[in-house]
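Reader: I'd like a close look at how one pair of helices packs here. Keep it informal, but give me the cut-offs as you go.

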Amino acid sequence: MRNIKSSLRGRRRSGNVMQAYDRLPPELRNWLRTAVLPWSPASARGIWRKAGGAKDPAAALERLNVVEQATLRQDQQMQGIGLPN
C-alpha cells in the first residue's frame, strides 16, 4: 500500500531521514510501511515514545493508528469531503 497525499501542511526536517528511519524499532518501521499517511521518522518516534512503545509496543501502535485516523478526518474536513450539506 502506498501513502496518500494530504492537504495538511508538511514540515521540512533536517538530518538524514533514512538513518533516523533505520534507528526506529522494528515494530514501528513495520507500521510506517503500511501507514496511510507519509509519516516522518521523528513524528512517528515521538508518538511511539509518548505512548510507551518500549514497554508496550501494541499500545503504541494503536495510538499511532488513532492519531493517523484523526489526521485523515481533519484532512477530509479541510477538503470538504464527507461533510453534511
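At what angle do H3 and H4 pack, and how far apart are their axes?

Author: H3 and H4 pack at an angle of about 125°, and their axes are 8 Å apart. Before you lean on that, note that this is a predicted model, where local features need pLDDT of at least 70 and side-chain atom pairs count only at pLDDT 80 or more, while totals for chains, interfaces and linings use all residues. Residues are numbered from 1 along each chain as its sequence is written, and side-chain values use heavy atoms, with hydrogens and water left out.

Now the angle itself. An axis is a line fitted to C-alpha atoms, for helices over the stretch in contact, and the angle runs from 0 to 180 degrees between N-to-C directions. H3 and H4 are therefore oblique to each other (under 35 degrees is roughly parallel, over 145 roughly antiparallel, 65 to 115 roughly perpendicular, and the rest oblique). H3 passes H4 in a right-handed crossing, meaning that the near helix is turned clockwise from the far one, by less than a right angle; anticlockwise would be left-handed.

Who does the touching? On the H3 side you have Ala44, Ile47 and Trp48, and on the H4 side Pro57, Ala60, Leu61, Arg63, Leu64 and Val67 (contact means heavy atoms within 4.5 Å). Sorted by class, that contact has 8 nonpolar residues, no polar ones and 1 charged. The nonpolar class is Ala, Val, Leu, Ile, Met, Phe, Trp, Tyr, Cys and Pro; Asp, Glu, Lys and Arg are charged; the others, Gly among them, are polar.

Val67 is worth clicking on. Val67 sits in H4 and counts as buried because its relative accessible area is 18% (buried is under 20%, exposed over 50%, partly exposed in between, with a 1.4 Å probe and protein chains only). Leaving aside residues up to four places away in sequence, Val67 touches Trp39 and Ile47. The C-alpha atoms of Val67 and Ile47 are 8.6 Å apart, with their positions 20 residues apart in sequence. For a contrast within H4, take Glu62, which is partly exposed at 47% relative accessibility. From Glu62 to Ala51 the C-alpha separation is 9.0 Å, at 11 residues along the chain.

The pair also has a third partner, helix H2 (residues 26-34), whose axis comes within 10 Å of that of H4 (residues 57-79) and crosses at roughly 25°. So H2 is roughly parallel to H4, and the crossing is right-handed. Here Glu27, Leu28 and Trp31 of H2 meet Pro57, Leu61, Leu64, Asn65 and Glu68 of H4. The class count for that contact is 5 nonpolar, 1 polar and 2 charged. Pro57, Leu61 and Leu64 appear in this contact and also in the one with H3.

H2 meets H3 (residues 41-50) as well: their axes come within 11 Å and cross at roughly 130°. That makes H2 oblique to H3, again with a right-handed crossing. Glu27, Leu28 and Leu32 of H2 make the contact with Ala44, Arg45 and Trp48 of H3, giving 4 nonpolar, no polar and 2 charged residues.

Trp31 has another neighbour to check. The structure holds 1 aromatic pair: Trp31 with Trp39, edge-to-face, at 5.7 Å centre to centre and 65° between the planes. Rings of Phe, Tyr and Trp (its six-membered ring) pair if their centres lie within 6.5 Å, with planes under 30 degrees apart called stacked, over 60 edge-to-face, and the rest tilted. Both tryptophans, Trp31 and Trp39, are buried.

Zooming out, the chain has 4 helices and 0 strands (DSSP runs numbered from the N terminus: H or I of at least four residues for helices, E of at least two for strands). Of its 85 residues, 25% are buried. Among contacts between residues at least 6 apart in sequence, 58% join residues at least 24 apart. The remaining helix, H1 (residues 17-22), contains Met18, which counts as exposed at 54% relative accessibility.
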